[in-house]
Amino acid sequence: MSFYLYLLLGFIGGIPAGMGMGGGTVTIPLLVLIGGVGQKIAQSANLFAFLPMSVGALKLHADNGLLQTRGVGWIILPALLFSALGTSLAVALPSALLKRAFGAFLIGLSFVGFFRALSAKKA
């Protein structure tokens, strides 16, 4: 039964990921809250799933002429460096703290989205 549950959760999380809306913000809570997976495993699974999705999205955007590569070199090195640092931090932190930090991030993200929607409505 768990195979079908994880398949369904992957489908539900993959839809916003495919639309470029941050699938991890959906997939990670689904895996933790419904799938009963630990926080570190859920984040690892999300990162692993991101790799083939990003390759597919990159090819699709390249085929449609939507890539702007100017200045991307300045982003790659810091992104790789901070990804490695973030990974090291995530491994070192207790899962409970990581879960709370991710929850706080999601709450903060929802407030930002809420206030942006309010300001856009007034304009």
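Leu-67 is found in the loop between α3 and α4, the latter spanning residues 73-92. The model is a predicted one. With a relative accessible area of 41%, Leu-67 is partly exposed, because that value falls between the 20% and 50% limits. Its contacts, leaving out residues up to four places away in sequence, are Leu-58, His-61 and Ala-62.

Thr-69 lies in the loop between α3 and α4 as well. Thr-69 counts as exposed, at 59% relative accessibility. Thr-69 and Ala-92 are 23 residues apart in sequence. In space, their C-alpha atoms are 35 Å apart.

**The chain as a whole**

How many helices and strands does the chain have? There are five helices and zero strands. Read from the N terminus, the order is α-α-α-α-α. The C-alpha atoms fill a box of roughly 45 × 40 × 30 Å, taken along the principal axes.

The chain has 123 residues, and 16% of them count as buried. Its accessible surface comes to about 9,500 Å². Carbon and sulfur atoms hold 75% of that surface. Among contacts with a separation of 6 or more, 50% join residues 24 or more positions apart.

**The core**

Which residues make up the largest nonpolar core? There are eight: Leu-9, Ile-28, Leu-30, Leu-31, Val-32, Val-37, Ala-42 and Phe-102. Helix α2, residues 24-34, gives the most to this core, with four residues.

Leu-9 is one of the core residues. Setting aside neighbours within four places in sequence, Leu-9 is in contact with Leu-30, Leu-31, Ile-34 and Gly-35. Two of these partners, Leu-30 and Leu-31, are listed in the core too.

**Helix α3**

Helix α3 covers residues 39-63 and includes Gln-43. The side chain of Gln-43 makes a polar contact with the side chain of Gln-39, at 2.8 Å. Beyond four places in sequence, Gln-43 touches Ile-28 and Leu-98. Of these, Ile-28 belongs to the largest nonpolar core.

Asn-46 also has its place in helix α3. Is Asn-46 buried or exposed? Asn-46 counts as buried, because its relative accessibility is 16% and the limit is under 20%. Asn-46 touches Gly-23, Gly-24, Thr-27 and Ile-28, not counting residues up to four places away. Ile-28 thus appears in the contacts of Gln-43 and in those of Asn-46.

The count of salt bridges comes to one. Asp-63 forms a salt bridge with Lys-59, and the closest N and O atoms are 2.8 Å apart. Asp-63 and Lys-59 are separated by about one helical turn, because they are four residues apart in helix α3. Asp-63 counts as exposed at 54% relative accessibility. Lys-59 counts as exposed too, at 52%.

**A nonpolar patch on the surface**

A nonpolar surface patch of about 620 Å² is made by Leu-8, Phe-11, Ile-12, Ile-15, Met-19 and Met-21. Ile-15 is found in helix α1, residues 2-18. At 42% relative accessibility, Ile-15 counts as partly exposed. That value is over 30%, so Ile-15 meets the accessibility limit for a patch residue.

**The loop before α5**

Where is Leu-93 found? Leu-93 is in the loop between α4 and α5, and helix α5 spans residues 95-122. Leu-93 is partly exposed, with a relative accessible area of 23%. Leaving aside neighbours within four places, Leu-93 is in contact with Lys-40 and Leu-98. Leu-93 and Lys-40 are 53 residues apart in sequence. Their C-alpha atoms are 9.6 Å apart in space. Leu-98 is also touched by Gln-43 of helix α3.

**Accessibility of selected residues**

| Residue | Relative accessibility | Class |
|---|---|---|
| Asn-46 | 16% | buried |
| Leu-93 | 23% | partly exposed |
| Leu-67 | 41% | partly exposed |
| Ile-15 | 42% | partly exposed |
| Lys-59 | 52% | exposed |
| Asp-63 | 54% | exposed |
| Thr-69 | 59% | exposed |

Notes. Residues numbered from 1 in each chain as written. Predicted model: local features only at pLDDT ≥ 70, side-chain atom pairs only at ≥ 80, totals over all residues. Heavy atoms only, no water. Helix = DSSP H or I, 4+ residues; strand = E, 2+ residues; numbered from the N terminus. Buried < 20%, exposed > 50% of the residue type's maximum accessible area, 1.4 Å probe, protein only. Contact = heavy atoms within 4.5 Å. Areas by Shrake-Rupley, 256 points an atom, 1.4 Å probe, with all protein chains shown as cover. Polar contact = N/O pair within 3.5 Å; in protein donor to acceptor, adjacent residues only side chain to side chain. Patch = residues over 30% accessible without salt bridge, like charges linked within 9 Å, V, L, I, M, F, W, Y side chains within 5 Å. Salt bridge = Lys/Arg side-chain N within 4 Å of Asp/Glu carboxyl O. Core = buried A, V, L, I, M, F, W, Y, C linked by side-chain atoms within 4.5 Å.
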